[in-house]
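Work through the exercises below with the sequence and the 3D structure at hand. Try each task before reading its solution.

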Amino acid sequence: MTESTTDTTDDGCSTPDSDGEVADEIAIVSFERKLDTAEEIEAGLAADYDRIDILEYHGDVFAEHWGEYDCFVGLMASGIAMRKTAPLLDDKWDDPAVVVVDEELTWAIPLTGGHHGANQVANDLAGLGAVPAMTTASEAAGKQGVESRAKALDTHVVNGDSTVATNLAVLDENLGPVARLDGPRAVLVGDDVTVLKRNTEAGVVLGTGSVSGADAEQFLTAWRAALDEADLTPDDVEFVATATRKEDEPGLIEAAREFGVGVASLDKETLEAFEGPTPSKSKELIGWPGIAEASAIAAGRDHELLVEKRRHDDAVTVAVGR
């Protein structure tokens with residue numbers, strides 16, 4: 001069974017955690033001649049970050065501001081950024097991420113901290129036309145690493161050293177979905193078990209499916225109606241769950257960002273183990289169980305269905321799980 005995740009929030013990025021896995025405050029480091037491009041980047045990303053500063057390049061600029069930002073965006077050749085930041089690097093869980101981008105906004109290249117903000121910023125630069133050049137193994141293979149899963153589930157990694165083993169398991173497709181465990185209880189784990197701790201109290205899960213091309217407003221209307229039925233609000237939602245075949249729907253990602261939550265994507269095998277009570281046409285047509293109910297049940301901490309599948313506009317289905 002596999003589960004992948006997409007991290008989003010109401011402002012385009014997740015809540016910071018103790019491991020620095022998310023970039024909320026970034027600095028654009030630019031030569032004077034490239035300040036117009038730096039300002040273009042600042043304007044393009046302004047809605048997605050808590051703080052964006054433009055720093056004019058000089059030889060010690062990275063050293064002077066090291067630790068002040070989650071991520072540096074170097075508007076410069078990668079060699080310059082590498083030479084100036086390499087002596088400052090200490091620990092990937094504490095170091096700021098570094099991304100370089102060329103003046104024409106053609107490439108966005110994470111140099112360090114790919115899973116700790118650099119990949120996130122590079123992906124956001126894609127909105128300005130830059131191609132994100134990911135080299136972290138999981139992203140290069142089209143898979144979501146453990147750190148990315150943690151962000152989407154609004155959690156943080158407690159034992160960072162374990163992610164070497166668990167990300168290798170992601171690549172081999174044998175990690176399985178994130179197991180959910182509520183306490184109070186004590187847990188004994190090995191070095192190859194990554195422990196995620198919630199940043200906020202656990203809430204309900206929205207299981208959702210859609211026709212291809214459903215827009216964000218259709219998702220939002222469906223989700224709000226289902227929550228109203230359960231006397232809940234968007235603040236009660238822990239994350240959204242869907243099928244891997246729907247994880248890249250633009251309307252879904254935009255709606256999740258509006259709600260300020262991440263998206264967990266579950267594979268067919270997982271959904272089949274938690275099939276809901278409502279008959280589904282997708283089961284007849286393509287062999288997949290109904291996505292909304294199965295996702296809500298599978299992803300909920302108690303595997304309990306609070307609101308059965310509801311359909312909106314013949315475009316979006318939603319169920320509420322706990």
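**Exercise 1. A hairpin**

Which residue stands opposite Gly321 in E14? Find it, then describe how the two strands are joined.

Solution. The model is predicted.

Step 1. Opposite Gly321 in E14 stands Leu305.

Step 2. Strand E13 covers residues 305–312 and strand E14 covers 316–321. The two pair in the antiparallel sense, over 5 bridges.

Step 3. Together E13 and E14 form a hairpin, with 3 residues between them. Asp313 in this turn has a positive phi of about 60°.

Step 4. E14 is also joined to E10, by 6 bridges, and these two strands run antiparallel. On this side, Gly207 is the residue opposite Ala319 in E14.

**Exercise 2. Both faces of a strand**

Determine whether the faces of E14 are covered or open, and then look at Val320.

Solution.

Step 1. Sort the residues of E14 by side. Val316, Val318 and Val320 lie on one side, while Thr317, Ala319 and Gly321 lie on the other.

Step 2. Check burial. The residues on both sides are all buried, and both faces are therefore covered. Since 6 of the 6 residues are buried, E14 is largely enclosed by the rest of the structure.

Step 3. Take one residue of this strand, Val320. Buried means under 20% relative accessible area. Val320 has a relative accessible area of 0%, so it is buried.

Step 4. List what touches Val320, leaving aside neighbours within four places in sequence. Its contacts include Val204, Val205, Leu206, Ala226, Leu232 and Ala296. Leu305, the residue opposite Gly321, is also in contact with Val320.

Step 5. Compare sequence and space. Val320 and Ile297 are 23 residues apart along the chain, and their C-alpha atoms are separated by 8.1 Å.

**Exercise 3. An enclosed helix**

How many of the residues of helix H12 are buried, and what covers them?

Solution.

Step 1. H12 spans residues 291–299, and 9 of its 9 residues are buried. Among them are Ile291, Glu293, Ser295 and Ile297.

Step 2. The cover over these buried residues includes strands E10 (204–210), E11 (237–243), E12 (263–266), E13 and E14, as well as helix H10 (268–272).

Step 3. With 9 of 9 residues buried, H12 is therefore largely enclosed by the rest of the structure.

**Exercise 4. A mixed sheet**

In what order do the strands of the open sheet with 6 strands lie? Use the pairings to follow part of it.

Solution.

Step 1. The order is E3-E2-E4-E5-E6-E7, and the pairing is mixed.

Step 2. Find the edges. E3 (51–56) and E7 (131–132) each have a single partner strand, so one side of each is left without a neighbour in the sheet.

Step 3. Read the parallel pairs. E2 and E4 pair in the parallel sense over 5 bridges, and Ile28 is opposite Val73 in E4. E4 and E5 also run parallel, joined by 4 bridges, and Gly74 is opposite Val100 in E5.

Step 4. Read an antiparallel pair. E5 (residues 97–101) and E6 (residues 107–112) are joined by 4 bridges and run antiparallel. Here Val101 has Ala108 in E6 as its bridge partner.

Step 5. Look at E4 itself. Cys71, Val73 and Leu75 point one way, Phe72 and Gly74 the other way, and all are buried.

Step 6. Add the helices. H1 (residues 35–45) lies across E2, E3, E4 and E5, at about 175° to E3. H4 (residues 118–125) lies across E2, E4, E5, E6 and E7, at about 175° to E6.

**Exercise 5. Two packed helices**

At what angle do helix H8 and helix H9 pack? Describe their contact as well.

Solution.

Step 1. Two packed helices are described by the angle between their axes and the distance between the axes.

Step 2. H8 (residues 216–229) and H9 (residues 250–259) pack at about 50°, with their axes 8 Å apart. H8 and H9 are therefore oblique to each other.

Step 3. The crossing of H8 past H9 is right-handed.

Step 4. The residues in the contact of H8 with H9 divide into 9 nonpolar, 1 polar and 3 charged. Those in H8 include Phe219, Trp223 and Arg224, and those in H9 include Gly251, Glu254 and Phe259.

Key:
Residues numbered from 1 in each chain as written. Predicted model: local features only at pLDDT ≥ 70, side-chain atom pairs only at ≥ 80, totals over all residues. Heavy atoms only, no water. Axes fitted to C-alpha atoms, helices over the stretch in contact; angles between N-to-C directions. Parallel < 35°, antiparallel > 145°, perpendicular 65-115°, else oblique. Left-handed = near helix turned anticlockwise from the far one by under 90°. Contact = heavy atoms within 4.5 Å. Nonpolar A, V, L, I, M, F, W, Y, C, P; charged D, E, K, R; others polar. Pairing = 2+ DSSP bridges. Buried < 20%, exposed > 50% of the residue type's maximum accessible area, 1.4 Å probe, protein only.
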